[in-house]
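Let's take a stroll through this structure, one part at a time. Have a look at the sequence and the model first.

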Amino acid sequence: MNSSQLPPSANGFLNNPQNRAVIFQVLALMFVVFLAYYFASNMFDNVEKRGITTGFSFLDDVAGFGISQTLIEYDDAGSTYYDVFIVGLLNTLLVSVIGIFFASVLGLLIGVGRLSSNYLISRLSLVYIETFRNIPILLQILFWYNVVLAALPSPRKSFSYLDSVFLNNRGLLLPEPIFESGSSAILIALILAVTGVCFLARWSKKRHDLSGEEFPLIKVSIAIIVLAPVVVYFISGQPISAEYPHLKGFNFKGGLTIIPELLALVFALSIYTATYIAEAVRAGIEAVPNGQKEAAKSLGLKDHIILTKVVLPQALRVIIPPVINQYLNLVKNSSLATAIGYPEIVTLFSGTTLNQVGQAIEIILMTMAVYLTFSIVISLMLNWVNAKMAIKGR
Amino acid sequence: MKLTKIALMLGIASLLPNLASASTLDQVVKKGVLNCGVSTGIPGFSATDSKGVWKGIDVDFCQSVAAAVLGDPAKVKYIPLTAKERFTALQSGEIDLLARSSTWTATRDTSLGLNFAGVNYYDGQGFLVNKELGISSAKELDGATFCIQAGTTTELNLTDYFKANKMAYKAVTYDTSGQTIDGFKKGRCDAVTSDASQLYGLKLKMNKPNSVVVLPEIISKEPLGPVVRQGDDQWFNIVRWTMFATLEAEELGVSSANVDAQLKSQNPGIKRLLGTSGKAGENLGLSSDWAYNIIKKVGNYGEMFDRNVGKGSPLNIERGLNNLWNQGGLMYSMPIR
């Protein structure tokens, strides 16, 4: 605002619109702070009067219950509520990351398919989007869970593949890799290979910019990333072995188990979120002016090159912001897992733990903080990507 | 979903200053209705029948308190709660009384700001397995997967039992007892573990009740009882003595059928119970016919047991520990005098 355009004020400070704005904002802020303080102090007063224990010391107490999926070492009889918190947090993170990955891939494919000139593909994509977008996510989670459980046999009648991979209603059982001494060399080889590929990519781009020559980057990169660790694996004397799941008693022992709750949840979340991502992708592609495609076509570029080199890079600028929203939604929707017993943070921490300990305020606050942190981190990361993708003034 | 519900309760708790100051009795009388927290469906304890009417031994207890306080057992608003919501609902004042097969433990009694008013059912934790597994003892369950309800003492007992017997297990934890039995039906787990009384109810819910067996082992003590907020001694007394009145009535042979005739009884114990002598009702802050109302309109403990879980019900559970003290059980009323 330009104060010089206003008539000169008669009596100074209070009539100055800028000062007024500041004063009102300070008053509003004070009011909000006061309200927050009033509610908080009221709450703690009431809690104290009722004789409810407060504080975070419960985190050091032994939890003493079993959890069906733990990514860290967890002992039913020895681990604390803090461990339970971490287990729940990691399980939420796991389902979110896998869900986001599959939702993105599926969403991109369906979104492109929606615009395909092939009638069948575009109609099928449309049907997919309209079906799954319009059914509540909770119903879909329950549906997939029931389908997964109903379709799979009991452990004794498992589907098996080469006697090392088993599928039954206790989950998908895979051989678990056992890393022995010397296996770190393979990891180092893998890291070196990836670093090498990064440099190679830079070099090939530079060469392409200068001379226009194409380098078979993808094929060479895959070869390097696969071959280097494999060669080192054999040189260092095969230090990775596998532990196979085997039927013992009425369940399988050993190996890695992917529980059906995780399968159902990933299924439901990716399929549901993919519909929204597909629509964002379609919107993004349609936002690219037709002239761009026609120009590329007139240069004789093939369809897939037009898509990847001309259309998508421009479309991404439109696509990314709504997709950020969908990623956030997916993370928050993962809390619906409580309906099927997947042990994520809401089920484990503000469910079981809350009931065993009874300290609702602390536990709910911690759970909310987890989701807030996840959401803010995702927003920041994708905002950064968005800024990188934005049109740069040259 | 659940999170917002709990958050909302907390929000309400923070909004209302000095909730504790108004006595629960006054509030209930003023509202004219008792808010009673029950389960989302445990047959025999609190579940709706085919007509949507709440039935069960815990439901009868809610009605007894309503009869004693308001003179009418129908003046109860049933609020179904999952295991993990129940204590928060009571703490926040959403309910006046929790009668939801809750196990009396030291932690719950001392750190949640709640008080257990007594025990209305002595239970223990057992196991339900498929017959086709060919198991006859819990000791053979090494490596089994269990379906459990979240936020229960069951979860903790299971760990203790398997640790003590050096066995391994996996737990799949569900929110409600309905989901738990559903998981078991679909084969997600080998066994369900819960309070033995609930297992009989769950067995009835199976498609083929005879395809499952309840194992003989009882691995824990589960004294189930009504819970009230800490710090309101008058309300605590009312709830506690409502329970004693139902026991005392059974012991004295007073039932809903003969209570009117018993009003003329010269037995001093019955006279004190029914308020024709003594001041038990007045001292509780209730009318003198408080116990008469309970017995006439709901019944004595034996009647409640029989029609909900005992021989008059599909569950057909033995009285066992829940028999009166002079008939080999643990049910014992403090003298009303």
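Two strands count as paired if DSSP finds at least two bridges between them. Helices (H or I, at least four residues) and strands (E, at least two) are themselves DSSP runs, numbered from the N terminus. What you see is a predicted model, where local features need pLDDT of at least 70 and side-chain atom pairs count only at pLDDT 80 or more, while totals for chains, interfaces and linings use all residues. Residues are numbered from 1 along each chain as its sequence is written, with chains lettered from A and ligands numbered from 1 in the order in which they are written.

Let's begin in chain A. β1(A) and strand β2 (residues 165-168) of chain A are antiparallel and share three bridges. A:Ser160, for instance, has A:Phe166 in β2(A) as its bridge partner. Both strands belong to an open, antiparallel sheet of four, ordered β1-β2-β3-β8 (chain A). At its edges are β1 (159-161) and β8 (256-258) of chain A, each paired on one side only. From one strand to the next, the twist averages 15°; axes here are lines fitted to C-alpha atoms, for helices over the stretch in contact, and angles run from 0 to 180 degrees between N-to-C directions.

Now for chain B, where an open sheet of five strands runs in the order β10-β9-β11-β8-β12 with mixed pairing. β10 (169-174) and β12 (212-214) of chain B each have a single partner strand, so one side of each is left without a neighbour in the sheet. Here the twist averages 30° from one strand to the next. Inside this sheet, β8 (residues 125-130) and β11 (residues 191-195) of chain B run antiparallel, joined by five bridges; B:Val129 sits opposite B:Ala191 in β11(B). Across β9 (144-149), β10 and β11 of chain B lies helix α7 (residues 177-185), at about 160° to β9(B).

Stepping back, the domain assignment (bounds come from an automatic or database assignment) splits chain B into domain 1 (2-122 + 223-327) and domain 2 (125-220). Their centres, taken over C-alpha atoms, are 29 Å apart. Contact means that C-beta atoms, placed from the backbone, lie within 7 Å, and by that test 16 residues of domain 1 of chain B touch 15 of domain 2 of chain B.

How do the chains meet? 47 residues of chain B are in contact with 45 of chain A. α1(B) gives the largest share of chain B's side, eight residues.

Definitions and conventions. Contact = placed C-beta atoms within 7 Å.
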